[in-house]
Amino acid sequence: MDLFETINNDIKKAMLAREQARLQTLRGIKKEFLEAKTAKGGDGTLSDDMAIKILTKMVKQRKESADIYTSQARQDLADAELLEAAIIEEYLPKQLNDEELTAALNEIIAQVGATSAKDMGKVMGVASKQLAGKAEGRAISAKVKELLNN
């Protein structure tokens, strides 16, 4: 079952359980998925890779909004955004911890043949594709810099 079908099924479950916050978040996800499916130039399908990119973007947006609300002393709105982010994260692949990220990046560095910071672009190109949804772009970038500068 792909992510789109999973979201549809979970919307039904949330409706039956009367979980309003979850239902609202899942409907937002479905809306984004439908927009991506029907986007100009699309083929009417949504791959799981594309769905993961959309979910990652949505989580990032919610966290940034929560930071803004917190800085403006609106904790009630920040909590709502963080709750949505947590619900969306349930559908993302398990995030890599620091050791797993380092191991994966060392493998990619060896595969690409990178030796210095000049090769960061090559490594990031491969890493961002292979680790999409499993680690944040900023974390990948910082770790690649660290590994290539050693």
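Here is a chat between a trainee and a mentor about the predicted model shown above.

Trainee: Before we dig in, what kind of model is this, and what is left out of the side-chain values?

Mentor: It is a predicted model, where local features need pLDDT of at least 70 and side-chain atom pairs count only at pLDDT 80 or more, while totals for chains, interfaces and linings use all residues. Residues are numbered from 1 along each chain as its sequence is written, and side-chain values use heavy atoms, leaving out hydrogens and water.

Trainee: How many helices and strands are in the chain?

Mentor: Helices here are DSSP runs of H or I with at least four residues, strands are runs of E with at least two, and both are numbered from the N terminus. Read along the sequence, the pattern is α-α-α-α-α-α-α. So the count, under that DSSP rule, comes to seven helices and zero strands.

Trainee: What share of the chain's residues is buried?

Mentor: Buried means under 20% relative accessible area, exposed means over 50%, and partly exposed is in between, using a 1.4 Å probe and protein chains only. The C-alpha trace spans about 55 × 45 × 30 Å along its principal axes. Of the 150 residues, the buried share is 33%.

Trainee: Which helix gives the most residues to the largest nonpolar core?

Mentor: A nonpolar core is a set of buried Ala, Val, Leu, Ile, Met, Phe, Trp, Tyr and Cys residues joined through side-chain atoms within 4.5 Å. The largest one has 20 residues, and L3, I7, L26, I29, F33 and L55 touch the most other members. Helix 1 (3-17), helix 2 (20-37), helix 3 (48-71) and helix 4 (75-89) each supply at least two residues. The top contributor, with six residues, is helix 3.

Trainee: How many residues are in the other core?

Mentor: That other core lies apart from the largest one. Its members include I108, M120, L131 and A135. The total is 15 residues.

Trainee: Which residues does L55 touch, not counting those up to four places away in sequence?

Mentor: Contact means heavy atoms within 4.5 Å. L55 is one of the residues that touch the most other members of the largest core. Its partners are L3, I29, F33, I88, Y91 and L92.

Trainee: How do helix 2 and helix 3 sit: parallel, antiparallel, perpendicular or oblique?

Mentor: Axes are lines fitted to C-alpha atoms, for helices over the stretch in contact, with angles running from 0 to 180 degrees between N-to-C directions. These two pack at about 130 degrees, with their axes 10 Å apart. Angles under 35 degrees count as roughly parallel, over 145 as roughly antiparallel, 65 to 115 as roughly perpendicular and the rest as oblique. That makes helix 2 and helix 3 oblique.

Trainee: How do the residues of the contact of helix 2 with helix 3 divide?

Mentor: On the helix 2 side are G28, I29, E32, F33 and A36, which meet A51, I54, L55 and M58 in helix 3. Ala, Val, Leu, Ile, Met, Phe, Trp, Tyr, Cys and Pro count as nonpolar, Asp, Glu, Lys and Arg as charged, and the others, Gly among them, as polar. The split is seven nonpolar, one polar and one charged.

Trainee: Is the crossing of helix 5 and helix 6 left-handed or right-handed?

Mentor: The axes of helix 5 (residues 98-112) and helix 6 (residues 120-130) come within 10 Å and cross at roughly 130 degrees, so the two are oblique to each other. A crossing is left-handed if the near helix is turned anticlockwise from the far one by less than a right angle, and right-handed if clockwise. This crossing is right-handed.

Trainee: Is I108 buried or exposed?

Mentor: I108 lies in helix 5. It touches V123, V126, A127, Q130 and L131, not counting residues up to four places away in sequence. At 1% relative accessibility, I108 counts as buried.

Trainee: What relative accessible area does K143 have?

Mentor: K143 is in helix 7 (residues 137-149). Leaving aside neighbours within four places in sequence, K143 is in contact with D98, L101, T102 and L105. K143 is buried, and the value is 10%.

Trainee: Where is R18, which has a positive phi?

Mentor: Most residues other than glycine have a negative phi. For R18, phi is near 60 degrees, and at 69% relative accessibility R18 counts as exposed. R18 lies in the loop between helix 1 and helix 2.
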